Amino acid sequence: MQTLEIRDLAVALAATPETPIVKGLNLTVRSGEVHAIMGPNGTGKSTLSKAVAGHPDYTVTNGDILLDGKSILKMEPDERARAGLFLAFQYPSEIPGVSIANFLRAALQSRLGENENINAANYYKTLYEKMDLLQIARSFTSRSVNEGFSGGEKKRCEILQMSMLKPAFAFMDETDSGLDIDALKIVAHGVNTLRGPELGIVLITHYQRLLNYIVPDYVHVMFDGRIVKSGDKTLALELETRGYDWLKPAPQPPAAS
Ligand code: ADP
Ligand code: MG
């Protein structure tokens, strides 16, 4: 079993490190668990996932992110990926001229040693098995990565990458724009198919609706850079009826000087 531990994490834009966006966030995810992080727009959900990915625009100003007890903060994004973290947005959004099949093969190849090569026959066998499992049409693999994709197709591409790369932990930031109900269903089907004892999933969303299709083990509500409430799936139902306002923390008194 593996563990990803986010400990008292503070994150700011690299350009303005004195102004934190994530302000002391704690979260522990173990293999096999599905965690949903919810919260209104602008509370730092995407900033959290970008910090985990090692996005260069963001800087960790306090706390730590530990994978099986070891800090990943000094690791480059590609090292984090090889260590078993999957973060959808680390991939360029469009790669004209590069087919999905070739892209995935290159991603897998990059994890091997210099003298190791992917066996093409095995690669396609695995790829087609995963596509069948995820109900993705074969023709999909010859399209250029994300070029002209609909929201749903981008999600399909993301889920297929996840199934091929077999990460230990996947952060899925369901950014607010362009996710229609079809895309939500694709994500839900993919997550439900791939969830299992080897994979920990953090689903970031502000859509309660997504959780009608994916039943998370834990639900966390984020407000102003922190997790203000955690619970089980019933918390998501409560949010659906009550909204977020009841969880809004009281304004912090100014720090004594
Ligand atoms: P969420 O994903 O919860 O909607 P974000 O993490 O995207 O929240 O943003 C949290 C806050 O940080 C917002 O006020 C947003 O404007 C600001 N922020 C995040 N990233 C950037 C950025 N690259 N440039 C400027 N402001 C940013
Ligand atoms: Mg966001």
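This is a short talk on the surroundings of ligand 1 and on one pair of packed helices.

Hi everyone, thanks for coming. Please keep in mind that what you see is a predicted model.

Let's start with the ligand. Which residues surround ligand 1? Going along the chain, there are Leu13 and Ile21, then the run Pro40, Asn41, Gly42, Thr43, Gly44, Lys45, Ser46 and Thr47, and finally Tyr58. By type, that shell has six polar residues, four nonpolar ones and one charged. Helix α1, residues 45-53, supplies the largest share of the shell, with three residues.

Now for the individual atoms. Thr47 places a polar side-chain atom 2.6 Å from an oxygen of ligand 1. For Gly44 the partner is in the backbone: a polar atom there is 3.1 Å from a ligand oxygen. Tyr58 has a polar side-chain atom 2.7 Å from a nitrogen of ligand 1. And how much of the ligand does the protein bury? On its own, ligand 1 exposes 560 Å², and 58% of that is buried by the protein.

Let's move on to the helices. Two packed helices are described by an angle and a distance, both taken between their axes. For helix α3, residues 100-109, and helix α5, residues 151-165, the angle is about 35° and the axes are 10 Å apart. Is the crossing of α3 and α5 left-handed or right-handed? It is right-handed.

Which residues meet there? From α3 we have Ile100, Phe103, Leu104, Ala107 and Leu108. Facing them from α5 are Cys157, Leu160, Gln161, Met164 and Leu165. Nine residues of this contact are nonpolar, one is polar and none is charged.

That's my tour, and I'm happy to take questions.

Conventions
Residues numbered from 1 in each chain as written. Chains lettered and ligands numbered in written order. Predicted model: local features only at pLDDT ≥ 70, side-chain atom pairs only at ≥ 80, totals over all residues. Heavy atoms only, no water. Near = heavy atom within 4 Å. Polar contact = N/O pair within 3.5 Å; in protein donor to acceptor, adjacent residues only side chain to side chain. Areas by Shrake-Rupley, 256 points an atom, 1.4 Å probe, with all protein chains shown as cover. Helix = DSSP H or I, 4+ residues; strand = E, 2+ residues; numbered from the N terminus. Nonpolar A, V, L, I, M, F, W, Y, C, P; charged D, E, K, R; others polar. Axes fitted to C-alpha atoms, helices over the stretch in contact; angles between N-to-C directions. Left-handed = near helix turned anticlockwise from the far one by under 90°. Contact = heavy atoms within 4.5 Å.
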